[in-house]
Amino acid sequence: MSYTVLARKFRSQNFDEVVGQAPIVATLKNAIEQNRVHHGYLFCGTRGVGKTSMARILAKALNCHAFEGPTVKPCGACDSCVGISRGDDVDVVEIDAASNTGVDNIRELRSNAVYRPARSRFKVYIIDEVHMLSMGAFNALLKTLEEPPSHVKFIFATTETQKVPATILSRVQRFDFKSIPPDEIEGQIHSICKSEHVEIDAAAAKRLARLANGSMRDALSLLDQVLSMAGNRITTAIVDELLPAAHDELNAALIDALAANDAAEALAVIDRSLGGGATLDLWCSLLINQLRDLMVLRVAGEETDLVDVPSGLRSRLVEQSRKFDGGAYVFMITVLEELRRSVKSSGSGRALVEAAIIRLAEASNYSSIESLLGAIGQGTSSRGSAAASTRAATAPAQAIKPAPRVAASEKKNEIADERTAGSSPTSTGLESDAPAKRRPLTPGSRIIASGEPIARSDDRRDEEVRGLQQPVPPIEPAAVRAPSPAPESATIAHRTTQEDIRAAQNDPLVREVLDLFGGQIVDVRRNRQATTEGLESPGEADEDDVAS
């Protein structure tokens, strides 16, 4: 007699035997009891979480011959239940979409769907990996799926829901199967070992449950493998010898080494992780996911529901999350995500991984930009203060706010100079002999201040921005000289009154220029220049005020 693997032998046969999917079981049982069974279902989830088993159980519940109608407790002994369990019932058709992807396969399904079932109440179509169907096949299925015959039920299963068209999703009820918690897998392993008359250490069962990564089928496959070596007694030593350590244990050891700045130990942990057969990009993804859980626990608190971890591991993860702050986790995740993308196309992927881990382990030897600038401003060494105030490079760099410029209107002065002075712009926007013109004081007029300019290079401005301010010495009033006389053709009259001087002094832009250059108003002149739509153009007739 051929051997039946544990994954098939102990497959769930009724709703009560389903592990880790209690909400879905309750919903389907209520739908059957209330006679609200939908014509189409979509079961989504990763491998080995019970999608196909749930589809078969639902088919049994609908077609069990031991009852006059659908039941939540199929007998499992009638011809229909036995045939469905074996996968060869004439009224329950299981289709592998990976090998039946074309339109012709769906057309055949549609043509057969119109016929009533041979011996059961419903004709049930179970399509596994439905996302593998071609777009043409999906389109051919739409009408039948939306309005099927009353005796037809569709049950789809997929591991990649994003590949299923929205037109299909809108016509079915979707159920998302969660990864099975390790403690429930561990309990199932103990139950199966008891049925098989096998002794297993608690630590060995825990290790198998964690290696399964939420998949019951993977856990039973690993148990089959260990039984082939151990016989009737499974110990922790046998599991350690035959199977690699769980990735979360290795990642936890790696994070501890990073927190201790122990680059050598971190490299040794990486060697054990990669020696277990994990690819570089998968290793990066698993480590990123674990760092994400620690980051959320650190930021949102240990009672948060944003992290789905077993209750037995939560306390350990909470303790480990305190070893870094939120910014450090953000930095590490960013580095590892860039690393994950790089190793896919690199011929030296392992070297990149090890270099990135050394960088993270020695992060405290670096200093943040803020601490360096603070040390420069105080005239002290930055190394000691940086190490005491922040962990190197683990805190994400923040934008440095530059010191404010001398006056916001300085740039406006430069633009006004270029527009009205009639000379080519310079690096400072000021010229020594040309009068500097300003924005309007009153409608149709402008205040133009002239004086001895201060030569200011771009380098000096940069130094001021970086905090190395050297105060600009104010120009004494005696150094301000009168501007060059305006051309006679543009001068209408020269009239200085106290009213004109007061008006110029009260203008905020004029006061800003006087404060900047240390000047004072000694004369006011009026020039004729034209104004076009409220904006003055040099050389045209209008009256401007000139303060010198």
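These are legends for a set of close-up views of a predicted model.

**Figure 1. The largest nonpolar core, seen around its best-connected members.** This core holds 38 residues, and L254, L258, W283, L291 and I357 are the ones that touch the most other members. Six helices each put in at least two residues: α12 (247-259), α13 (263-275), α14 (280-300), α15 (311-321), α16 (326-343) and α17 (349-361). If you want one residue to start from, try L258. Setting aside its neighbours within four places in sequence, L258 is in contact with A266, F324, M332, I357, L360 and A361. One of those partners, I357, is itself on the list of residues that touch the most other core members.

**Figure 2. A second nonpolar core, separate from the one above.** This one is made of 28 residues. Among them are I185, C193, L208 and L243.

**Figure 3. Helix α2, with a buried side and an exposed side.** Helix α2 covers residues 22-33, and its 12 residues should span 16 Å at 1.5 Å a residue. The C-alpha atoms at the two ends are indeed 16 Å apart, so the helix agrees with expectation. Its buried residues are I24, V25, L28, A31 and I32. These sit in an arc of only 130 degrees around the axis, which puts them on the same side of α2. The spacing makes sense, because an α-helix has 3.6 residues a turn and residues three or four places apart point the same way. What do the buried residues of α2 pack against? They meet β1 (40-44), α3 (51-63) and β5 (173-176). On the other side of the helix, A22, P23 and E33 are exposed. Just after α2 comes N35, with a positive phi of about 55 degrees.

**Figure 4. A59, a buried alanine in helix α3.** With 0% relative accessibility, A59 counts as buried. Not counting residues up to four places away in sequence, A59 touches I84, V92 and V124. Take I84 as an example: A59 and I84 are 25 residues apart along the chain, yet their C-alpha atoms are separated by 7.5 Å.

**Figure 5. The second largest pocket and the residues that line it.** About 530 Å³ of space lies in here. Which of the 27 lining residues are closest to the centre of the pocket? They are R11, G48, G50, S53 and R217. The elements that give two or more residues to the lining are α3, β2 (92-96), β3 (123-128) and α10 (216-230). Helix α3 makes the largest share, with four residues. That is the helix that also holds A59 and that the buried residues of α2 pack against.

**Figure 6. H197, out in a loop.** H197 is in the loop between α8 (182-195) and β6 (199-200). Is H197 buried or exposed? Its relative accessible area is 67%, so H197 counts as exposed. For a landmark elsewhere in the chain, look for R233: the two residues are 36 apart in sequence, and 9.3 Å apart in space from C-alpha to C-alpha.

**Figure 7. T144, a buried residue of helix α6.** Helix α6 covers residues 135-146, and T144 is part of it. At a relative accessible area of 12%, T144 falls under the 20% cut-off, so it counts as buried. Leaving out residues up to four places away in sequence, T144 touches R110 and F154.

**Figure 8. Two loop residues with positive phi, E129 and N261.** Most residues other than glycine have a negative phi, so positive values are worth a look. E129 is in the loop between β3 and α6, and its phi is near 50 degrees. N261 lies in the loop between α12 and α13, with a positive phi of about 60 degrees. N261 is partly exposed, at a relative accessible area of 33%.

**Figure 9. Helix α22, with its buried residues on one face.** Helix α22 takes in residues 498-506, and its buried residues are D500, I501 and A504. Seen down the axis, they fall within an arc of 95 degrees, so they line one face of the helix. Turned away from that buried side are the exposed residues Q498, E499 and N506.

Technical notes:
Residues are numbered from 1 along each chain as its sequence is written. This is a predicted model: local features need pLDDT of at least 70, side-chain atom pairs count only at pLDDT 80 or more; totals for chains, interfaces and linings use all residues. Side-chain values use heavy atoms; hydrogens and water are left out. A nonpolar core is a set of buried Ala, Val, Leu, Ile, Met, Phe, Trp, Tyr and Cys residues joined through side-chain atoms within 4.5 Å. Buried means under 20% relative accessible area, exposed over 50%, partly exposed in between (1.4 Å probe, protein chains only). Contact means heavy atoms within 4.5 Å. The expected span of a helix is 1.5 Å times one less than its number of residues. The arc is that of the directions from the helix axis to the C-beta atoms. On a 1 Å grid over the protein atoms alone, a cavity is a set of points where a 1.4 Å probe fits but cannot get out, and a pocket is an open set with protein on both sides within 12 Å along at least five of seven lines; lining residues have an atom within 4 Å of a point. Grid points are joined across faces, edges and corners, and a volume is the space filled by probe spheres set on the points.
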